[in-house]
Amino acid sequence: MATFLEVLWVSLGVGALIALGLVLFRMQKSSKRISRSIDPINQKVKGLRLEVSSLQRSRLERRRRLEATNPSNSEK
């Protein structure tokens, strides 16, 4: 009876390790798939950030040019 229990526990342990390995393998595959689907979104976000920053820079430059050409109210 003791050997039967030992065999049972060992087989349960081996089965648990195999199941854990399979779960980890499936999680690794799904995380790769998710990261591949998120990558185009990240690229678009980077492009939009660049576009927003360039628009902000051009707005600041335009404001500086207008302030330089127009006399301020305090100088009148």
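The following questions and answers concern a predicted model.

Visitor: Which features does the model allow, and how are residues numbered?
Guide: Local features need pLDDT of at least 70 and side-chain atom pairs count only at pLDDT 80 or more, while totals for chains, interfaces and linings use all residues. Side-chain values use heavy atoms, without hydrogens and water, and residues are numbered along each chain as its sequence is written, from 1.

Visitor: How many helices and strands does the secondary structure of the protein come to?
Guide: Helices (H or I, at least four residues) and strands (E, at least two) are taken as DSSP runs, numbered from the N terminus. Helix α1 covers residues 2-69. The count is one helix and zero strands.

Visitor: What radius of gyration does the protein have?
Guide: The radius is taken over C-alpha atoms, and the globule rule is 2.2 Å times the number of residues to the power 0.38. A compact globule of 76 residues would come near 11 Å. The C-alpha trace spans about 105 × 25 × 10 Å along its principal axes. The radius of gyration of the protein is 32 Å.

Visitor: Is R26 buried or exposed?
Guide: Buried means under 20% relative accessible area, exposed over 50%, and partly exposed in between (1.4 Å probe, protein chains only). R26 lies in helix α1. Because its relative accessibility is 63%, R26 counts as exposed.

Visitor: Which residues form the positive surface patch?
Guide: Patch residues have over 30% relative accessible area and no salt bridge, with like charges joined within 9 Å and nonpolar side chains (Val, Leu, Ile, Met, Phe, Trp, Tyr) within 5 Å. A salt bridge puts a side-chain nitrogen of Lys or Arg within 4 Å of a carboxyl oxygen of Asp or Glu. The positive patch consists of R26, K29, K32, R33 and R36.

Visitor: What separates the C-alpha atoms of Q56 and K32?
Guide: Q56 is in helix α1. Along the chain, Q56 and K32 are 24 residues apart. Their C-alpha separation is 36 Å.

Notes. Areas by Shrake-Rupley, 256 points an atom, 1.4 Å probe, with all protein chains shown as cover. Lys, Arg positive; Asp, Glu negative; His and termini not counted. Charge placed at Lys NZ, Arg CZ, Asp CG, Glu CD.
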